Amino acid sequence: MFFRNRFLFLLALAALLAFLSLSLQFSTASCDNGKNNNIASATNRCSHLATCDLDWDLENIPCDSTSKRELFKPRKEPWTSCIKVHLIPVNPVKEEGLNSKNRKRIMPDPLTEPSPVDPIYEAKFYCNIPSIPERSMEGHAPHYFKLVSVHVLIRHGDRYPLYAIPKTKRPNIDCTLVPNRKPSHPQLEAFIGQMSKPGSEAKMDSTLSGMPRYPSHLLCEMGELTQTGVVQHLRNGQLLQDIYIKKHNLIPSDWSPKHLYLETTGKSRTLQSGLALLYAFLPDFDWNKINFRHQWSAIFCSGNCVCPIRNHYLGEDQRRQYSLRVTNIHLEKTYADMAKIIGIPTKQLRASNPIDSLLCHFCHNVSFPCTKNGCITMEHFKVIKAHQLEDEKERQEKKYYYLYALLATHPLLNQTVNRMQRIAEGKGGELFVLYSAHDVTLSPVLSALGITEARFPRFAARLVFELWKDGKKNREHFIRILYNGVDVSSQTSFCRDYNLRYNKPMCPLEKFVHFVNQDMFSPFNATNYYDACRRRLF
């Protein structure tokens, strides 16, 4: 009986305290004359509080808070009335010397907890199907800056798979160019006509001269550029023309071969992608002025390709990839299930790199392969694609690939810096430089620059280096780096701190020069490319 009465007493006490608390919070105590005017006046006087970390509810100021009434005290006339204000801090203020207890978060914080990556969304982004006009930030600068040079590194457009899944039918993709078939481009028909002109001889290295200038097979050959790939780069070229030629007059109407530097690997898909971009970009496409140079290396290392340490770190990253794959039980079960459907050993299926072929089916909206045992499904595709995304994430964390990328891309970045310096010093040089390349070219460049948030290069990806001259200080030159139209200059390792400190829209050229000539060798305790490539490993 005693405990029951005690319980009822405590319950009644709790109810009374709750009632008093609510009464204090929502009471509208009567104040002296001019309450509403004083509230408005107090609100105006405290408008500066909006810049702090606290938001204030000025409609309910407690009358018994002397210090808070002083906050609203007018400068000239005395405080004549009382205002009830309820102060509600958005973020609790931690007083000095006090250790506030951390509260457990029940709901996720949308500002700090990223949403899970969607493999299907990422796959669609990778396909880069031409649709709505693309927004881009190329060519943006203060009005007193002058654009003096542009360097563009592209990945080839959409292609047929490099690998076939054993015992399955190849995807039926037509690689002829048909202007009235989607996706298309207003300049596609004229591009076909220009590329098929008899006797039109461009100045190309011997390796490139015998290659077809546009795709033309009814059933695509392995690795062949598709109509989608051609259209992707016609769109790239038109976008760059609108910005760099029509807006900034980078290339004169009477342009000559000396204004361009063009380089491509020895694959038809890179040559054809480069030609499609140039056709839409140049003010007047002229075969006699086109001089494509052949680059035998996919990383564009030219005559500086011997680098044992680079190969060492590439091997380390490949071992990391293998370790991640074999520990992914869900992926191994998916491979086993797919192998059973196709009727081949799991090891043979893995070796055929099925994601390459499945991406072609996905990008072209073609059904996945089927056999008498069943069909490969979207769930199989999602598991493999999700693992691919996980691999890219871990690659950034483990740093083996980053060290490989520094040495792999130095020859290419060194060429870029040298060209920019010659122009900045008034020694002349190419106004527009184009490297037509692969994903294995762009990916290490992005990694070496420190752009860790960049997605893996999609079809027809473009990385642009812009060189600008300050119109107010002619000797000062700046660069902007853009990836698929997004300004990533402030994400680079050499300009990140500068951007945070000075909040400038561009990065000084000397920062880029210092990075290429010195910072790229620091992780190897070397001062030049030769020593970094041959440093003894312990």
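**Group meeting: strands, cores and cysteines**

Hi everyone, let's begin with a strand pair: β1 and β8 run antiparallel to each other and share 9 bridges. Before I go on, please keep in mind that this is a predicted model.

Within that pairing, I154 sits across from R462 of β8. Strand β8 has another partner too, because 7 bridges connect it, again antiparallel, to β9, residues 477-483. Here F465 faces I481 in β9. If you follow the chain from β8 to β9, you pass through a hairpin of 6 residues. How many of the 9 residues of β8 are buried? The count is 8, so strand β8, residues 462-470, is largely enclosed by the rest of the structure.

Let's stay with F465 for a moment, since it leads us to the core. F465 is one of the residues in contact with F512, once the neighbours of F512 within four places in sequence are set aside. The others on that list are L413, T416, V417, M420, L449, I479 and F494. F512 also belongs to the largest nonpolar core, which has 104 residues. Which members touch the most others there? They are F292, F432, L449 and F512. The element that gives the most to this core is helix α14, residues 400-424, with 12 residues. There is also a second, separate core, this one of 23 residues, and I120, Y126, I342 and L358 are among them. As a general point, nonpolar side chains in soluble globular proteins tend to be buried together.

Now to helix α13, residues 378-398. At 1.5 Å a residue, its 21 residues should span 30 Å, and the C-alpha atoms at its ends are indeed 30 Å apart, so the two values agree. Quite a few of its residues are buried, and the list mixes side-chain types: H380, F381, V383, I384, K385, H387, L389, D391, E392, E394 and R395. Directly after α13 comes K399, with a positive phi of about 75°.

That brings me to the backbone. In general, most residues other than glycine have a negative phi, and most peptide bonds are trans. Two further residues with positive phi are worth a look on your screens. N249, with phi near 55°, is in the loop between α7 (227-245) and β3 (260-265). S302, at about 50°, is in the loop between β4 (291-295) and α9 (308-326). Are these residues buried or exposed? N249 is exposed, because its relative accessible area is 57%. S302 has 27%, so it counts as partly exposed. For the peptide bonds, look at K182 to P183: this one is cis, with omega near -5°. P183 is placed in the loop between β1 (145-155) and α5 (188-195).

Last topic: the cysteines. The model has 6 disulfides, and I'll walk you through three of them.

The pair C127 and C363 has its sulfur atoms 2.0 Å apart. Its torsion about the S-S bond is -80°, a left-handed link. C127 is in helix α4 (119-127) and C363 in helix α12 (354-363), so this disulfide ties together parts 236 residues apart in sequence. Both cysteines, C127 and C363, are buried.

Next come C175 and C220, with 1.8 Å between their sulfur atoms. This link is right-handed, at 100° about the S-S bond. C175 lies in the loop between β1 and α5, and C220 in the loop between α6 (206-209) and α7, so parts 45 residues apart in sequence are tied together. C175 has a relative accessible area of 0% and is buried; C220, at 1%, counts as buried as well.

The third pair is C495 and C507, whose sulfur atoms are 2.1 Å apart. Its S-S torsion is about 125°, so this disulfide is right-handed. C495 is in the loop between β10 (486-487) and α16 (496-502), while C507 is in strand β11 (507-508), 12 residues apart. Both C495 and C507 are buried.

And what about C360? C360 is in no disulfide, and the nearest cysteine sulfur, that of C363, is 7.3 Å away. C360 counts as buried, because its relative accessibility is 5%, and the cut-off for buried is under 20%.

That's my tour, thanks for listening!

Definitions and conventions: Residues are numbered from 1 along each chain as its sequence is written. This is a predicted model: local features need pLDDT of at least 70, side-chain atom pairs count only at pLDDT 80 or more; totals for chains, interfaces and linings use all residues. Side-chain values use heavy atoms; hydrogens and water are left out. Helices (H or I, at least four residues) and strands (E, at least two) are DSSP runs, numbered from the N terminus. Buried means under 20% relative accessible area, exposed over 50%, partly exposed in between (1.4 Å probe, protein chains only). A nonpolar core is a set of buried Ala, Val, Leu, Ile, Met, Phe, Trp, Tyr and Cys residues joined through side-chain atoms within 4.5 Å. Contact means heavy atoms within 4.5 Å. The expected span of a helix is 1.5 Å times one less than its number of residues. Two strands pair if DSSP finds at least two bridges between them. A disulfide is a pair of cysteine sulfur atoms within 2.5 Å.
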